[in-house]
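Student: Could we take a close look at one part of this protein, the place where its two domains meet? I'd like to know what sits there.

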Amino acid sequence: MKTTVLFFLFVSNLALTTAQAKSFVYCSEGSPSSFNPQLVTDGTSTNATAQVIYNNLVAFEPGSTKIIPQLATSWDISKDKLVYTFTLRKGVKFHTTKYFTPTRDFNATDVVFSVDRQRVKTHPFHDVSGGKYEYFDGMEMGKTIKEIKVLDPYKVQFVLNTPDATFLANMAMSFMGILSEEYGSKLMAANKKSDMDTMPVGTGLFVFQSYAKDSVIKYTANPQYWGQHGNIDKLIFAITPDANVRHQKLKTGECQFANEPAPADIPEMQKNPKLTVMKDAGLNVGYLALNVTKKPFDNLLVRQAVNHALNKKSYIDAIYMGNAVIAKNPLPPTIWSYSDAIKDYEYSVEKAKALLAKAGYPNGFETDMWTLPVARPYNPNGKKMGELMQADLAKVGIKVRLQTYDWPTYLKKASQGEHSMLQMGWTGDNGDPDNFLNTLLGCGAVKAGSNYSKWCDQKFNKAVVDAKVQTDIKKRTALYKDAQKIFKEQAPWVTIAHSTVFKAMAKNVKGYKIDPLGHDLFTFLVIE
Amino acid sequence: MKQFFSELYFELKKNRGAMIGIVIIFLSIIIALLAPVIAPHNPTEVFSDSLRLPPSFLEGGKAGFFFGTDDIGRDLLSRLIYGSRISLAVGFSVVVLALFTGTILGVVAGFYGGLVDRIIMRLTDLIMSLPSILFAIVIVAVLGPGITNSIIAVAVVAVPNFIRIIRAQVLVEKNKQYVSAAKLFGAGHFRIMFVEILPNCMAPLIVQASLGFSDGILNVAALGFLGLGAQAPMSEWGTMLSDARSFIESSPWMVTLPGLCILVTVLSFNLLGDGLRDALDPRLKKQN
């Protein structure tokens with residue numbers, strides 16, 4: 001008996017000393033809503049899917065919005081800007097997992113399979129997991145792409161209906177990640193199509209191992225990865241919704257990276273010699289969406305009154321701890337075509353009251369506001385911001401009931417338009433104004449779900465749609481500036497803040513670059 | 001009855017802990033009743049130029065805010081004072097609800113026995129087999145978050161204790177001669193249960209009620225902490241505690257003060273409850 005115990009001790013000891021695996025524990029802020037990047041729009045889910053498991057044809061260079069080759073080695077654009085021909089990388093292997101072993105390399109059929117799942121209604125996978133492709137539809141990719149031609153196994157051609165200035169950037173976005181067609185056929189044969197979105201297979205650096213909701217996601221490095229990478233062997237997402245707990249875990253070394261640090265903890269983290277804190281002006285906007293399909297927000301005067309009633313300055317001080325600037329446009333000031341000429345609705349209780357009286361609500365009304373359940377860069381504490389807004393709106397007679405749901409439910413119910421007022425925000429993910437104005441406020445996005453105000457203004461929509469097909473940047477700028485003016489007049493949102501983004505990690509994590517598009521990239525990380 | 005209370009007071013006076021408890025409870029009741037008069041500010045008023053101020057007696061504090069302000073600039077002292085209203089009201093409602101239903105069910109179960117007794121007691125066993133706070137969370141999740149619903153949830157969880165105590169007492173009392181005498185005089189069941197037997201079960205009930213008070217306050221604070229209790233902008237201690245948690249390192253007073261309030265209130269009710277038990281329990285009395 002004693003000898004067996006000793007033997008086990010010896011073996012386990014041996015295992016500990018020989019396994020010098022570099023694990024990287026990432027304290028994330030919430031559970032992903034799916035493992036298929038086509039189905040998600042939030043940064044929390046994108047970090048856990050597109051950034052680790054999948055690759056796109058083209059990608060953004062880490063730390064910038066420049067487009068670089070990924071699964072496509074090169075591409076060619078026709079003179080009329082209607083035909084894009086991609087040459088694909090050879091010898092790229094899909095993940096070998098417990099549930100799937102690929103027999104062939106990545107090729108053009110995988111590209112067609114992935115895009116057509118979102119584009120073609122008769123595609124065998126189109127209706128799987130709800131059949132709603134919020135991003136793809138919001139960006140109107142279905143309308144843009146006319147057809148996809150396979151020229152040979154390593155050459156794919158995208159033919160467009162209209163020229164689209166944002167097309168290449170869109171191809172680099174998370175929802176255009178490449179899925180395995182072979183895995184799809186296998187699942188179809190086994191009649192387990194929905195596994196595609198819960199047991200992912202991609203070509204990225206990390207292979208999915210296991211997931212326990214609200215607890216942990218485990219990945220291991222892909223030994224057959226095609227490109228350059230850092231030295232992480234095991235990637236673990238420790239899902240920790242509480243920012244304070246993430247900070248404590250980072251301090252004790254339980255994780256090497258804490259996502260979304262609470263602004264209150266930043267000074268202390270900066271003092272800690274064991275931690276690195278990086279910061280950057282974020283490409284984001286935090287806003288309060290007013291649902292124009294619900295009474296009384298269908299009334300323009302009411303929307304303007306709410307704009308006047310909220311004291312944004314106090315939110316910047318209290319919620320962002322000063323690490324943000326007041327937003328007057330839906331676009332962040334670092335993006336081109338930002339219109340500085342726009343005048344914001346100033347904070348004025350009297351004006352708000354006067355507008356409400358004019359709208360027929362001299363004594364205000366009762367309504368509900370949904371507060372953001374997770375800390376996001378554009379809003380680190382939704383509940384507290386809600387309480388401030390509640391106090392501000394009470395001053396003009398609007399009685400607000402605060403409510404919230406867990407993050408996936410929140411997104412789902414909000415895209416169905418069940419709310420009256422909704423705290424939301426957006427971190428740009430391709431650096432183009434279209435990604436804000438069209439994705440969040442266009443008429444196409446009402447149906448797709450990402451236009452949370454359900455606001456469809458023909459004049460505004462015409463401007464952003466025209467700007468999209470326009471390739472002359474000066475004309476595009478002019479159109480976007482017009483759009484921002486219409487937006488401000490019609491006030492479907494209360495724009496709140498553009499925040500500074502902070503990232504906190506252990507000192508021995510090297511090679512991290514803040515992504516202006518808001519994601520966390522692990523591919524090039526090195527642990528010393 | 002009058003004699004009962006004067007004797008009780010005599011016994012209690014000997015117990016210092018219980019006396020401290022009574023004084024604190026008395027004080028907090030006064031504070032709660034006079035909240036609008038004592039509180040220096042409106043608890044929901046936001047002073048956007050005074051965020052996270054430390055208490056005025058510490059460095060950096062401002063004179064107007066004795067206990068400092070919270071993360072969005074509300075006066076902490078006023079919020080704590082108004083919070084005492086909620087906590088005491090909650091404790092009181094929980095006890096009244098649980099006491100009322102628990103007493104009726106307990107007396108009925110003990111008096112009739114048989115099938116009625118078995119049904120009621122198995123139900124209490126069922127509730128008691130679940131961890132109380134977990135069960136309360138389930139109830140609130142079904143009813144929806146809010147202060148009224150959390151009171152109901154916590155009361156439901158507290159009922160079994162009352163049922164068991166009353167039933168045990170009724171089982172002892174119902175075979176005593178005065179009950180037989182009442183029966184011979186032709187008293188109805190209702191009269192025997194609630195007029196003859198119940199007054200003789202008061203002692204353990206009083207003890208349980210005072211302890212139930214503290215349990216109620218604690219459980220509702222726990223629900224508030226989990227975001228299921230009082231909804232904004234109501235100032236409730238448990239909710240204040242959980243909201244301030246992320247500032248534990250930078251502004252510790254924001255967490256400490258509501259925590260202390262919960263501690264002191266709950267402790268004072270427990271002290272009183274223990275004192276009452278010592279005073280009322282005949283077995284403990286003999287030992288002295």
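Tutor: Let's start with the whole chain and then zoom in on that meeting place. Keep in mind that this is a predicted model. Chain A has 19 helices and 20 strands, and its C-alpha atoms fill a box of roughly 85 × 60 × 40 Å along the principal axes. For 528 residues, a compact globule would have a radius of gyration near 24 Å, and chain A agrees because its own value is 24 Å. Buried residues make up 53% of the chain. Also, if you take contacts between residues at least 6 apart in sequence, 71% of them join residues at least 24 apart.

Now for the two domains. Domain 1 of chain A is assigned to 3-240 + 508-527, so to speak in two pieces, while domain 2 covers 284-501. Their C-alpha centres lie 31 Å apart. Where they touch, domain 1 of chain A puts in 29 residues, and domain 2 of chain A puts in 29 residues too.

Let's stay on the domain 1 side. The elements that give two or more residues to this side are α2 (43-48), α4 (134-138) and α6 (167-171) of chain A. Out of these, α4(A) gives the most, with three residues. And what kinds of residues make up the domain 1 side? By class, there are nine nonpolar, 12 polar and eight charged residues on the side that touches domain 2.

Conventions
Residues are numbered from 1 along each chain as its sequence is written. Chains are lettered from A and ligands numbered from 1 in the order in which they are written. This is a predicted model: local features need pLDDT of at least 70, side-chain atom pairs count only at pLDDT 80 or more; totals for chains, interfaces and linings use all residues. Helices (H or I, at least four residues) and strands (E, at least two) are DSSP runs, numbered from the N terminus. The radius of gyration is taken over C-alpha atoms; the globule rule is 2.2 Å times the number of residues to the power 0.38. A residue is buried if 20 or more other C-beta atoms lie within 10 Å of its own, exposed if 12 or fewer, and partly exposed in between; C-beta atoms are placed from the backbone. Two residues are in contact if their C-beta atoms, placed from the backbone, lie within 7 Å. Domain bounds come from an automatic or database domain assignment. Ala, Val, Leu, Ile, Met, Phe, Trp, Tyr, Cys and Pro count as nonpolar, Asp, Glu, Lys and Arg as charged, and the others, Gly among them, as polar.
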